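Okay, thanks for having me. I'll put the structure up and then walk you through it.

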Amino acid sequence: MDFALAPETDDLRRRVRAFVESEIMPLEADPASFDDHENIKTDLLEPLRAKAKQAGLWAPQMPKARGGLGLSVAAMAACYEEMGRSIFGPVVFNAAAPDDGTMIALEKIATEAQKARWLQPIVDGEVRSAFAMTEPAPGAGSDPGLMRSRAERRGNAWVLNGHKWFITGAGVAEHFIIVARTSDDTRKGLTAFLVHRETPGLTIKRRIPIMGPEEHGGHCEVLMEDLQVPDDDRLMEVGDGLKVTQIRLGTARLTHCMRWLGMAKRAMEIARPHVAERESFGQTLAEHEGVQWLLGEAAMAIEIGRLLTMRAAVKLDGGDFARKEISMAKIQVSETLHKAVDTAIQLLGARGYSKDTPLEWMYRYARQARLVDGASEVHKMVLARAFLNEGLDFWDWA
Ligand SMILES: Cc1cc2nc3c(=O)[nH]c(=O)nc-3n(C[C@H](O)[C@H](O)[C@H](O)COP(=O)(O)OP(=O)(O)OC[C@H]3O[C@@H](n4cnc5c(N)ncnc54)[C@H](O)[C@@H]3O)c2cc1C
């Protein structure tokens, strides 16, 4: 069991780190770089994306033939962590949600014709995407089996009606993956479709105001009213919607973990010089045992998250779905992100609560991590089911 990175992966990781430090972090420190929703302004983003492409750091998750870097999931883990160190980082490299997950899924499951039309423009950075599954209650949320949006077949097309919400990126997305019910079969009742934003019947009802900073395009409520989709734009087979959702969310959950680990490390990085210099009661903060416990616990939690994330990544690279490994990583890392940022805010004292550092941005952002792509409780349910089913084999070394 070798935990060292391959030399070429480590070289790439260092190049990402250097790019983040020299090109992105200075912008993050300037309030003028932020748009109205606390993300990087698009006019600053586009030249940075061009630079990342030129530097050979673009679309790490995509094959080289598509203009990506062709990285394994394990190599992505090392590089995404470096990207996540800046709050503007992942989107600069075309490695941010939701496009990252959309691209990975389409590369795996779309037909060649669908890839040319729907995937390649996202890889090239020409369009943005969104994945629409969640619905207002009593529709699909943690339980996709509650889906109420329907797709009815009419000749060679489908007609979609329904209501989705919290659809990340929908405000700017041109390419949507929409999941709808095509029958009442409990396992094979859902089907996924590729839909262009301009299709009549697709309406963005509103951008939902949220607690934290937003991805470009926000989190939107989306209506489908007699939305016509040609059968050619169906993803996989009729009844495979749940499979598409699992494939779409599987690796995407893990790439979230990779980026969040970078953010958690950044929080610790911000706290480090402060605790080394700031004095209280005759000692630096770092010399107080109480402070050491806080730092030690957060540092250890990050390392546990990295190990779980890397184990899941290696399993995915081996062709496994890594369901329980991804669930464990998702719970651990989402909760660790919150813990690390909270620790850093606490140790910075009043300044931690200010907007003079990115910590308060991270703190508000971190709260969503325990909800998106499956709430922690739902992932614990998945783990409990696996344990009840597998017994001692839950902890095998395979
Ligand atoms: C910022 C943000 C971005 C999002 N982006 C997208 C997107 O791009 N596309 C998309 O389709 N959706 C998106 N979502 C929706 C997200 O996937 C859902 O919020 C999530 O799946 C939970 O569904 P729900 O909100 O309906 O909560 P519910 O299903 O109503 O669950 C509410 C709570 O109940 C508890 N719970 C539920 N089931 C169980 C259980 N079995 N055991 C124990 N406790 C349980 C959990 O604490 C859970 O948080 C986003 C959400 C947020 C906040």
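**Domains, a ligand and a helix**

So, this is a predicted model, and let me start with the ligand: the shell around it takes at least three residues from domain 2, which is 129-239, and at least three from domain 3, which is 243-395. Altogether, 21 residues surround the ligand, and Met-133, Gly-141, Ser-142, Ala-375 and Glu-377 are the closest. If you want to find the shell by secondary structure, look at β1 (129-132), β3 (157-168) and α11 (376-390), since each of them supplies at least two residues. What's the chemistry like? By class, we have 12 nonpolar, 7 polar and 2 charged residues around the ligand.

Okay, zooming out. There's also domain 1, covering 7-123, alongside domain 2 and domain 3. The C-alpha centres of domain 1 and domain 3 sit 21 Å apart. These two touch, with 22 residues of domain 1 and 24 residues of domain 3 in the contact. On the domain 1 side, α3 (73-83) and α5 (99-109) each bring at least two residues. Which one gives the most to that side? That's α3, with 8 residues. As for the character of the domain 1 side, it divides into 12 nonpolar, 3 polar and 7 charged residues.

Last stop, helix α2. That's residues 42-54, so 13 residues, and from first C-alpha to last it reaches 18 Å, close to the 18 Å expected at 1.5 Å a residue. Following α2 you'll find Gly-56, with a positive phi near 70 degrees.

That's my tour, happy to take questions.

Conventions. Residues are numbered from 1 along each chain as its sequence is written. This is a predicted model: local features need pLDDT of at least 70, side-chain atom pairs count only at pLDDT 80 or more; totals for chains, interfaces and linings use all residues. A residue is near a molecule or strand if its C-beta atom, placed from the backbone, lies within 6 Å of it. Helices (H or I, at least four residues) and strands (E, at least two) are DSSP runs, numbered from the N terminus. Ala, Val, Leu, Ile, Met, Phe, Trp, Tyr, Cys and Pro count as nonpolar, Asp, Glu, Lys and Arg as charged, and the others, Gly among them, as polar. Domain bounds come from an automatic or database domain assignment. Two residues are in contact if their C-beta atoms, placed from the backbone, lie within 7 Å.
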